[in-house]
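Student: Please take a close look at one part of this model and go through it step by step.

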Amino acid sequence: MQTVGRMKFGRGQCKAGQKATRSIHIPRVSSTRIVKIASAATAVQVTAREQIKSFEQYKELYEWSIRDPAGFWADFASQFHWEKKWAEDHFDYNFDVRKGPVFVNFFKGGVTNICYNALDRHVAEGHGATPCLLFEGNDPDRQKALTYAETLEEVCKLANWLKAKGVKKGDTVAIYMPMILELPIAMLACARIGAVHSVVFGGFSADSLAGRMEDAKSRVLLTCSGVMRATKSIKLKSIADKAVSLCAEQGFNVDTVLVYENDNAIAAADTPFTPGRDHWWQSEVASMPSTCPVEWVDSEHPLFLLYTSGSTGKPKGVLHTTGGYMIYSAATSKHVFGLQRGDVYWCTADCGWITGHSYLAYGPMLNGVTNIVFEGVPTHPTPARCWEVVEKYKVKQFYTAPTALRSLMRSGDEWVKACDRSSLKVLGSVGEPINPEAWRWYHEVVGDSRCPIMDTWWQTETGGHMITPLPGLWQEKPGSATLPFFGVVPAVLDEKGNELEGEAEGVLALKQPWPSTLRTVYNDHKRYEENYFGPFPGYYFSGDGCRRDADGYYWITGRVDDVINVSGHRIGTAEVESALVAHPSCAEAAVVGYDHPIKGQGIYAYVTLMEGVGHDGVGDDALKKQLVAGVRETIGAFAAPDVIHWAPGLPKTRSGKIMRRVLRKIASKEEEQLGDISTLADPSVVASLVNLRGK
Ligand code: 6R9
């Protein structure tokens, strides 16, 4: 592992692939950081509103998008409904903290509504009968379908219910639900009335849900009785109740809870219910009027909050706004997946993560496609499940995470080959670097060597794809996200913030805003500026390392901060450490990532016990179990450490800083490559830690 300044380079999966047929020159842009760019008055020959047919066309459009973002994005936005058009100088920004507060505006002066554009617009254009949402249950016999017109009615009913409960424009609404149709419906209902949704992934614990509701001041919570995931039932409402009590203990009252009865998992009779505060979805929402006027909002009106992990303990509430997010999620969905109205598209991500926001709830519906909402897991009842769903609905575009592919790949090719996948045209990957072996399996076995693979690099903060291939327009290389999308100007920086040209390795930063740039960290603009714009003034700092090869292709090498990526889920090591330290026997904890064959990275936790606990700082298996259970309780099951390593002492510098580099080497059994450890206060700690491996 290489060290650049304070930052560590993560796993290097960036083996050079085959030579690309063409190389691309990414134009440099002006270094002026405070800019106001008016729309170009020149007549435009090309447009990104149509399908893009050649690499030359991409290059032409890309150059336009960088030279004149205001004009380029206005052209794309013109196909949507705007109650009021944006101003001529709708785009301005400052990315340089030295010059004043960081801000980004797109489509300033414009007034619109994303729910209107995702639903009403299609109905108004005569596509109300097109299937919009297809539900595929955990149990393969459970399915449901809603057309665009029916989805609109459901959204309106819920929007009316929310209004009846006093939810107003700008209020935040927490959503803690499994992958059932009511989840995207709830998101759209909030957007319809200008409320800001804050979806909390159904795998999070009561503590995590409570922290998010409190931070966002969400007085209304939409939830569900429970869910079946494979053969396991999860009582979501019980967890939600605990979260509401935790909020009350902190003096914050969640006063309205709407509960959907998911009776195949947990019936109403088995669901805790507090009359007055709680309401049953099926009985109250169904009787609401099925039309609801749209709340027209300014382009920069907040659309949603989504909490994500960073290098410090407290998750950040990433805020996205309406107009820019709408246009960027629509544009990336359209071009990256080649979407056309009526296509059957399937993204396996949960709406609790950004992928489920941009590439399930919003982007695809803005394009009028048919979206599958999958409640289950890819291996239930058998590892053929995904391919059976592909065959059943004739899925054209399929978007999933490398961790799912690695686990399916292990189950053998026969599950895939037993199903008809001839409908597939485009395959996508997201969430973590895809190792070339999984890439090839995806391409050759799943896609029968016919379908291009879109390895999409992006983040909660970017709201949409940043670096990604476009189908068939240039040659992919297994493991590379390839080239930037329109409007995206990547830069590879050295540790001092110098931009590296040509072939280079460093940290990945972005030089100018794209429409769905995060606008702030909720209630903490200072943290936004320090975290994303502080490390390299003038740039958005991604937190990822990358390499650019001779063809200009980007290879993401993993996080360079204290964030680990487990099965595509971002987890802050500091969050796991504070959950471990909450155990009365734990004096100190240090968490690092290590290579895991299925999850990409696993969680490796070093634990120092309190004086008098265990023998010579070594505990027993029961204590390990308790520590792991504590993390499940505090964060959620997906953050449970894979390994607990007893650490009577941790490798610290004389100033008391833990040398995580050393811990990573010991976790990956590479202690012979420790490098210089002379700055350690007590170098003998290393040998004693190595001796305790597996204890
Ligand atoms: C969309 C999403 C973001 C982090 C990101 C990076 C990793 C995502 C990737 C990828 C390599 C890809 N990441 N896609 N790394 N190749 N195609 O996952 O958002 O949950 O915020 O995670 O995930 O490390 O910084 P989020």
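**Cysteines, then the open sheet**

Tutor: The closest cysteine sulfur to that of Cys156 belongs to Cys292 and lies 5.4 Å away, too far for a bond. A disulfide is counted here when two cysteine sulfur atoms are within 2.5 Å, and the count comes to zero. Cys351 is in no disulfide either, with the sulfur of Cys347 nearest at 7.9 Å. The model is predicted, so local features need pLDDT of at least 70 and side-chain atom pairs pLDDT 80 or more, while totals for chains, interfaces and linings use all residues. Residues are numbered from 1 along each chain as its sequence is written, and side-chain values use heavy atoms, leaving out hydrogens and water. Cys156 is buried at 3% relative accessibility, as is Cys351 at 0%; buried means under 20% relative accessible area, with a 1.4 Å probe and protein chains only.

Now the sheet. Eight strands (DSSP E runs of at least two residues, numbered from the N terminus) form an open, mixed sheet in the order 15-14-11-9-10-17-18-27. Pairing requires at least two DSSP bridges. Strand 15 (278-280) and strand 27 (520-521) are at the edges with a single partner strand each, so one side of each has no neighbour in the sheet. Strands 11 (220-224) and 14 (256-260) run parallel, joined by five bridges; Leu221 has Val257 as its bridge partner.

Helix 6 (206-216; helices are H or I runs of at least four residues) packs on the sheet, touching strands 9, 11 and 17. Helix 10 (354-366) also packs on the sheet, touching strands 10, 17 and 18. Contact means heavy atoms within 4.5 Å.

Conventions. Buried < 20%, exposed > 50% of the residue type's maximum accessible area, 1.4 Å probe, protein only. Axes fitted to C-alpha atoms, helices over the stretch in contact; angles between N-to-C directions.
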